[in-house]
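Please read the numbered points below with the sequence and the structure open beside you. Each point takes up one part of the chain, and it may help to find that part before reading on.

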Amino acid sequence: MVYGNINDESGTGVLFSRNPSNGDKELFGDYLINAQGEDVVSGTRNTNSICANGDQSKKEGIITQKELISRIPIKNLNEIIYPTLDPIAQKNIICNGLAASPGAACGVVVFNTESMKAKDIPYILVRTETNPEDIEGMNIANGILTARGGITSHAAVVARGMGKPCVCGASAISINYNKKIFTTENGHTIKEGDYITIDGGTGE
């Protein structure tokens with residue numbers, strides 16, 4: 001975006017022609033006022049949402065449902081069939097963020113790749129925001145939780161590509177990497193090694 005950060009009447013953003021989380025035909029994206037494109041995709045700032053819901057009752061009629069299903073490659077099935085939480089299960093919601101990549105995951109909280117030593121333990125990688133150096137940890141983790149960033153941030157885009165559940169922009173959490181804990185605005189303290197569950201479909 002040219003001159004996206006010239007003043008408060010300029011801006012920048014990322015826009016999808018379809019919802020990247022569920023494939024619905026609707027405009028979907030993030031934007032920031034007085035900012036550059038890297039501010040949106042890096043996840044260093046919480047973004048504003050662009051969402052224009054289409055009329056879901058209208059069918060495009062381009063191909064039949066049977067044809068659509070037949071075109072799905074076997075290797076892509078894991079990207080559309082995600083684990084979900086029991087809708088009637090009791091929940092203790094400690095914070096909410098953006099539903100950045102669908103699916104639910106439960107695991108041990110870790111704050112960096114170096115803490116993921118055991119291969120048979122499910123992990124939830126918790127970061128303020130992710131960057132390319134976190135790719136190895138994101139690949140190992142069952143899910144990703146970030147305190148900053150939007151649906152077009154690094155964490156969200158990479159998680160969707162990997163088929164990993166991800167909640168971004170959970171601004172109610174504060175991470176202390178030195179103490180290996182994160183705290184929430186409602187008084188919860190979560191230590192490295194504690195189990196948490198994230199739902200990338202709802203942002204919980």
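**Lysine 164 and its surroundings**

1. Lysine 164 is a good place to begin, since its contacts can be followed one by one: leaving out residues up to four places away in sequence, lysine 164 touches Ser101, Pro102, Met138, Asn139, Ile140, Ala141, Asn142, Ile144 and Ala159. The residue is found in the loop between helix H5 (154–162) and strand S8 (166–168). Is lysine 164 buried or exposed? It counts as buried, because its relative accessibility is 14% and the limit for buried is under 20%. Its side chain also has polar partners in the backbone: a polar atom of the lysine 164 side chain lies 2.7 Å from the backbone oxygen of asparagine 139, and the backbone oxygen of alanine 141 likewise lies 2.7 Å from a polar atom of that side chain.

2. Please keep in mind that this is a predicted model. The pLDDT of the protein averages 82, and 84% of the residues score at least 70. Residues 53–59 should be read with care, as a matter of confidence: pLDDT stays under 50 over this stretch, for which the model has 6 contacts beyond four places in sequence.

3. For an overall view, the protein contains 5 helices and 12 strands, and of its 204 residues 37% count as buried. Among the contacts with a separation of 6 or more, 52% are accounted for by residues 24 or more positions apart.

4. Helix H5 comes just ahead of the loop described in the opening point, and its buried residues are His154, Ala155, Ala156, Val158, Ala159 and Arg160. These buried residues pack against strand S1 (11–16), helix H1 (37–41), strand S4 (98–101), helix H4 (135–140), strand S7 (143–146) and S8. Just after H5, glycine 163 takes a positive phi of about 75°.

5. Which residues of the largest nonpolar core touch the most other members? Of its 18 residues, they are Val126, Leu145, Ile173 and Phe182. At least two residues of this core are supplied by each of strand S5 (104–110), strand S6 (123–127), strand S9 (173–176) and strand S12 (195–199). Apart from this core lies another, of 15 residues, which includes Val110, Met116, Ile144 and Val158.

6. Phenylalanine 182 can be followed further through its contacts, which, leaving aside neighbours within four places in sequence, are with Ile94, Val109, Phe111, Val126, Leu145, Ile173, Ser174, Ile175, His188, Thr189 and Ile190. Threonine 184, which lies in strand S10, touches Ile94, Ala172 and Ile173 when residues up to four places away in sequence are not counted. Threonine 184 is buried, because its relative accessible area is 8%.

7. Lysine 180 deserves a check of its backbone, for its phi is near 55°, a positive value in a residue other than glycine. As a general background to this point, most residues other than glycine have a negative phi. Lysine 180 lies in the loop between S9 and strand S10 (181–184), and it is partly exposed, with a relative accessible area of 37%.

8. Valine 14 lies in strand S1 and is partly exposed, with a relative accessible area of 25%. Not counting residues up to four places away in sequence, valine 14 touches Phe28, Gly29, Asp30, Val40, Val41 and Thr152. Between valine 14 and phenylalanine 28, which are 14 residues apart in sequence, the C-alpha to C-alpha distance is 8.5 Å.

9. Glutamate 114 is found in the loop between S5 and S6, and it counts as exposed because its relative accessibility is 59%. The C-alpha atoms of glutamate 114 and glutamate 136 are separated by 9.8 Å, while the two residues are 22 residues apart along the chain.

10. A last point concerns the second largest pocket, in which about 350 Å³ of space lies. How many residues line this pocket, and which of them lie nearest its centre? The lining has 18 residues, of which Asn92, Ile93, Thr197, Ile198 and Glu204 lie nearest the centre. Strand S12 gives the most to this lining, with 5 residues.

Key:
Residues numbered from 1 in each chain as written. Predicted model: local features only at pLDDT ≥ 70, side-chain atom pairs only at ≥ 80, totals over all residues. Heavy atoms only, no water. Helix = DSSP H or I, 4+ residues; strand = E, 2+ residues; numbered from the N terminus. Buried < 20%, exposed > 50% of the residue type's maximum accessible area, 1.4 Å probe, protein only. Polar contact = N/O pair within 3.5 Å; in protein donor to acceptor, adjacent residues only side chain to side chain. Contact = heavy atoms within 4.5 Å. Core = buried A, V, L, I, M, F, W, Y, C linked by side-chain atoms within 4.5 Å. pLDDT = per-residue confidence, 0-100. 1 Å grid on protein atoms, 1.4 Å probe; cavity = no way out; pocket = protein on both sides within 12 Å on 5 of 7 lines; lining within 4 Å. Points joined across faces, edges and corners; volume = space filled by probe spheres on them.
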